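Let's go through this model together and ask what earns each feature its label. Each reply sets a value beside its cut-off and then draws the conclusion.

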Amino acid sequence: MNGHPTRPEDFDLYALGVLEGEEKAAFEAHVPTCAACAEKLAEARGRISLLAFAAPPIAPSPSVKERLMRQIHAAPISVSAQRERARAPREPERTVGPFPRWWTGAVLAAAAAVLILVSIRLWQENAHLIDELGVERVELQKQQAQLDEARHVVALMEAKDTRTVALASQPGMAKGDVRVMYNAKMGMAMCDGWVDPAPANKSYQLWLVPMEGKPISAGLVEYSNGPMKPWMVKLPPGVEAKAFAITLEPEGGMPQPTGPMVLVGPVS
Ligand SMILES: [Zn+2]
């Protein structure tokens, strides 16, 4: 290409950033030397920048470019457009700038398609990133919680004023052997041991029975594939315990004990 670009669409393609290789090199070599072409390029940039306003400044991927190129080369004269032009050959073509309106429309439609594709891709990438971050955050929180609990267990076990309370099965009730480590000052208890599973639709619930006032729920007995899961519970600090007890309650537990006492252990 030694003279003006041979295809009028080259200005739009260049402004869109999709003119490539030799065509791009020839275009860039010619335009600065030619006032007419420089003006056409400025016009093309104006058209494209209107669209670009709505889009993030990101280069389309090679596949998007390829698709755009195909659309643009397929678009210039559709069969119906050719027929219309054959039917009314003398009707002057309405134009915008140097290009026929139909052509500008094709470029703008293609450009809009690119922007939509790029936006969708960006959105997908963001969604993916947010997903990954979310997963990592949840994992991190889980690990942090496990670490915190391990620290609390150690602190509870090491504290000199931590009491260990053994809970014994009451006559005629489910068998079990449960121990509660309790530190009143720290307001912390840890429950471990075993108890036969509760009947259907029922839960075993652990209670701190204070020296004064109503029992305080200290959590539900849960099972993981058989044995009772040990658990740690935060309680209001400074409450002196008279006893710990496990009662049989409706599934999910109750705010205050309503069922029979299954295991009881006085604080000595
Ligand atoms: Zn020129």
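Q: What does "buried" mean here?
A: Buried stands for under 20% relative accessible area, exposed for over 50%, and partly exposed for what lies in between. Keep in mind that this is a predicted model.

Q: Why is F27 called buried?
A: Its relative accessible area is 1%, and the cut-off is under 20%, so F27 counts as buried.

Q: What about Y14, and why is Y14 called buried?
A: Y14 has a relative accessible area of 16%. The limit is under 20%, so Y14 is buried too.

Q: What makes Y14 and F27 a stacked aromatic pair?
A: The ring centres are 4.5 Å apart and the planes make an angle of 25°. Centres have to lie within 6.5 Å, and planes under 30 degrees apart count as stacked, so both conditions are met. The two residues come from distant parts of the chain: Y14 sits in helix α1 (residues 9-16) and F27 in helix α2 (residues 21-30), 13 residues apart.

Q: Which cluster do ring pairs build with Y14 and F27?
A: F11, Y14 and F27 are linked into a cluster by ring pairs.

Q: Why is the pair of Y182 and F244 called edge-to-face?
A: Here the centres are 5.2 Å apart, with 65° between the planes. Since edge-to-face asks for over 60 degrees, and pairing for centres within 6.5 Å, the label fits. This pair also links distant parts of the chain, with Y182 in strand β4 and F244 in strand β9, 62 residues apart. Both Y182 and F244 are buried.

Q: How many residues does the largest nonpolar core have, and which have the most contacts inside it?
A: The largest nonpolar core has 25 residues, and those with the most contacts inside it are L167, V178, V180, Y182, L206, F244 and I246. Strands β3, β4, β5, β6, β8, β9 and β10 each supply at least two of its residues, and β9 gives the most, with four. Apart from this core lies another, of 13 residues, including V18, F27, C37 and A44.

Q: Which residues does L167 touch, beyond those up to four places away in sequence?
A: Among them are V178, V180, L206, F244 and I246.

Q: What makes R7 and D10 a salt bridge?
A: Their side chains meet at 2.7 Å, N to O. A salt bridge needs the nitrogen within 4 Å of the carboxyl oxygen, so this pair qualifies. D10 is buried, with a relative accessible area of 1%.

Q: What makes E23 and R7 a salt bridge as well?
A: The closest N and O atoms of E23 and R7 are 3.1 Å apart, and the limit is 4 Å, so this pair qualifies too. E23 lies in helix α2 and R7 in the segment before α1, 16 residues apart. R7, D10 and E23 are thus linked in a network of salt bridges.

Q: Why is E23 called partly exposed?
A: E23 has a relative accessible area of 33%. The class covers values between the buried limit of 20% and the exposed limit of 50%, so E23 is partly exposed.

Q: What do D161 and K185 tie together?
A: The closest N and O atoms of this salt bridge are 3.5 Å apart. D161 lies in the loop between α6 (101-158) and β3, while K185 lies in the loop between β4 and β5, so the pair ties together parts that are 24 residues apart in sequence. D161, at 37% relative accessibility, is partly exposed, and K185, at 66%, is exposed.

Q: How do you know that β3 and β4 pair?
A: Six bridges join these two antiparallel strands. Pairing takes at least two bridges, so β3 and β4 pair. T164 stands opposite M181 in β4. The two strands form a hairpin with six residues between them, and G172 in the turn has a positive phi of about 80°.

Q: Why are β7 and β8 at the edges of the sheet?
A: Eight strands form an open sheet in the order β7-β6-β9-β10-β3-β4-β5-β8. β7 and β8 each have a single partner strand, so one side of each is left without a neighbour in the sheet.

Technical notes:
Residues numbered from 1 in each chain as written. Predicted model: local features only at pLDDT ≥ 70, side-chain atom pairs only at ≥ 80, totals over all residues. Heavy atoms only, no water. Core = buried A, V, L, I, M, F, W, Y, C linked by side-chain atoms within 4.5 Å. Buried < 20%, exposed > 50% of the residue type's maximum accessible area, 1.4 Å probe, protein only. Contact = heavy atoms within 4.5 Å. Phe/Tyr/Trp six-rings, centres within 6.5 Å; stacked < 30°, edge-to-face > 60°.
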